[in-house]
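Work through the exercises below with the structure open beside you. Try each task before you read its solution.

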Amino acid sequence: MAKALVFIDNPGSALKKSSLELLTIARSLGEAAVAFNGELHDDVAAALGAHGASVLYRPSTTDLDDYLVAPKAAYLAAAVAASGAETVLLENTADGKEIAARLGVKLNAGVITDVVGVDADGTAHKSVLAGSYTTTAKARTAVAVLTVKPNSVDVEAPAAASTPEAVTIDVPADATANAARITGRAEKPASGRPELTEARIVVAGGRGVDGDFGPLEELADALGGALGASRAATDAGWIGHDYQVGQTGKTVSPQLYISAGISGAIQQKAGMQTSKVIVAINKDAESPIFEIADFGIIGDLFKVVPQATEEIKKRKG
Amino acid sequence: MKIVVLVKHVPDAQFDRHLTGPGNTTDRDESILSELDEYALEAALQLSEARGGAKAGNEVIALSMGPAGAVNAIKKSLQIGASSGAHLSDDALAGSDAAATSLALAAAIRYLGADAPVDLVLTGMASTDGETSLVPAQIAERLGLPQVTFASSLEVNGERVVARRDGDAHADTVEATLPALVSVTDQINEPRYPNFKGILAAKKKKITPLTLADIGVDAAQVGAAGSLTAVETAEARPPRSAGTIITDEGDAGIKLVEFLAAQKLL
């Protein structure tokens, strides 16, 4: 039976939905195993078993987080060798893609990023050139390394939970040699909103918010969505760069994208045009965003957005 | 200090971009220097200038791999301020994926370091066409260099590289020793534009043409033949069409919620 290995970096106290999505894809390809790094809580281990993980690989060292990417790739390469996996699945984050990149060189394995679906034969689906093409790609090598975007599949658990076997992988002694070291870490304040790239709903603001994201935050909270911004808004310093949606920021593909005060230049469109439903609010009827909006409102966002927020609160009671 | 900056000639994202041919490769008409590479070049120029620039023996080499047209990305880099260029071009490179690209570029960097070692390889955070972000990490892996990627600030003190890397939940300080590979984000600086003096000076700067034979890479290791992945099908996504557009007459917020309710998005 084909084997697929999912890498989960620091699963924490509860598994993320994206990790369960990777496990769901792994099981669709064959026998699923997990290689994790960091602490493993008992209930997380149980959840991995409930989602079909047959083996849990852990590294022999606890200092992988002290270094950037490289030693994690060395550990994962050793785990792939131990597991005999033909497919390795990682999150499509900056770290995930770079671990995949180095793993690809170590194993002489083809790497495909930004994957949104995987067929049983290993064919990966993705969209390229800012969503203007959908492509299928395949690794031509014995092992395929795929980084998968969140919300690509619905999480499914097998009927019967497995009790995964625990295996410790010896991290090669030279894994940390010549690796960049992480010498400081500043935690960023948590917003309490869903992560931008994983959110089902995104409310984004641009130049038109003129420094005041308050009304958009309230709408995002009423909808249970994430907050986003155009480059104009982040460059103006009104909101952190982490919130930027677009070519040089994050690419999102939510069920609903509400764009307020954003003209919709190509740089912004590149990050959001694969959203399922796009709503645009802009004062300027000539804004290019209206060319791709399913529902467009020519109007003042400071009037339209609070009115919508109030109506949503009323309906949700 | 000897710095190699990787620059890529990419289709201008202001226009429609296309995949073409049997390998579904990118159509490179209307191409420009990748916007994200300008930040890497600016970072290199700042490091060089802080050490006395070219007069003090500092070098900033713009390296590009690509067909004949890619020389334009190098020329632009020279106008902006790079001291020399190197253009790796060979028909056998066509259709290279990240693995093949990183293999060829790593060999080219080794070649450029043959006379005097390269201290720093600088790249952008991604290309604006392929957008995989794989190549910098793969070059670091192939050259055995410490990898300091997605840097939003960069300092080099003696042999020590210190960078800030912003994640969603935290910002890290990352340290490594030279030689190293650093990829930078668009938050690191404000790239300069070429001025008239720079454009004139660029005409006298040298661009070294490189072939696979020069860098000791076999044709079978690169291009479509040496790539570890293949794009099997490509379909243009139908353009989004505009939906209902209304002008606010005092109740657009309510109409918006009615639309969301009808779409079952509430």
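**Exercise 1: A strand pair across two chains**

In E14(B), A:Tyr133 has B:Ala236 as its bridge partner. The model is a predicted one. Task: find in which sense E7(A) and E14(B) pair, and over how many bridges.

Solution.
- Step 1. Locate E14(B), which covers residues 229–236 of chain B.
- Step 2. Follow its pairing with E7(A): the sense is antiparallel, and there are 7 bridges.

**Exercise 2: The contact between the chains**

Task: state how many residues each chain brings to the contact, and which element of chain A gives the most.

Solution.
- Step 1. Chain A brings 73 residues and chain B brings 62.
- Step 2. Several elements of chain A each supply at least two residues, among them helix H4 (94–107), strand E7 (133–139) and helix H8 (301–316).
- Step 3. H8(A) gives the most, with 8 residues.
- Step 4. Sort the side of chain A that touches chain B by class: 33 nonpolar, 23 polar and 17 charged residues.

**Exercise 3: Two helices in chain B**

Task: decide how H3(B) and H4(B) are oriented to each other.

Solution.
- Step 1. Find H3 (98–112) and H4 (134–143) in chain B. Their axes come within 9 Å and cross at roughly 50 degrees.
- Step 2. Angles from 35 to 65 degrees count as oblique. The two helices are therefore oblique to each other.
- Step 3. Add the handedness: H3(B) passes H4(B) in a right-handed crossing.
- Step 4. Look at who meets whom. Residues of H3(B), including B:Leu105 and B:Ile109, meet residues of H4(B), including B:Ile139 and B:Arg142.
- Step 5. Class the residues of this contact: 10 are nonpolar, 3 polar and 1 charged.

Methods:
Residues are numbered from 1 along each chain as its sequence is written. Chains are lettered from A and ligands numbered from 1 in the order in which they are written. This is a predicted model: local features need pLDDT of at least 70, side-chain atom pairs count only at pLDDT 80 or more; totals for chains, interfaces and linings use all residues. Axes are lines fitted to C-alpha atoms, for helices over the stretch in contact, and angles run from 0 to 180 degrees between N-to-C directions. Helices (H or I, at least four residues) and strands (E, at least two) are DSSP runs, numbered from the N terminus. Angles under 35 degrees count as roughly parallel, over 145 as roughly antiparallel, 65 to 115 as roughly perpendicular and the rest as oblique. A crossing is left-handed if the near helix is turned anticlockwise from the far one by less than a right angle, and right-handed if clockwise. Two residues are in contact if their C-beta atoms, placed from the backbone, lie within 7 Å. Ala, Val, Leu, Ile, Met, Phe, Trp, Tyr, Cys and Pro count as nonpolar, Asp, Glu, Lys and Arg as charged, and the others, Gly among them, as polar. Two strands pair if DSSP finds at least two bridges between them.
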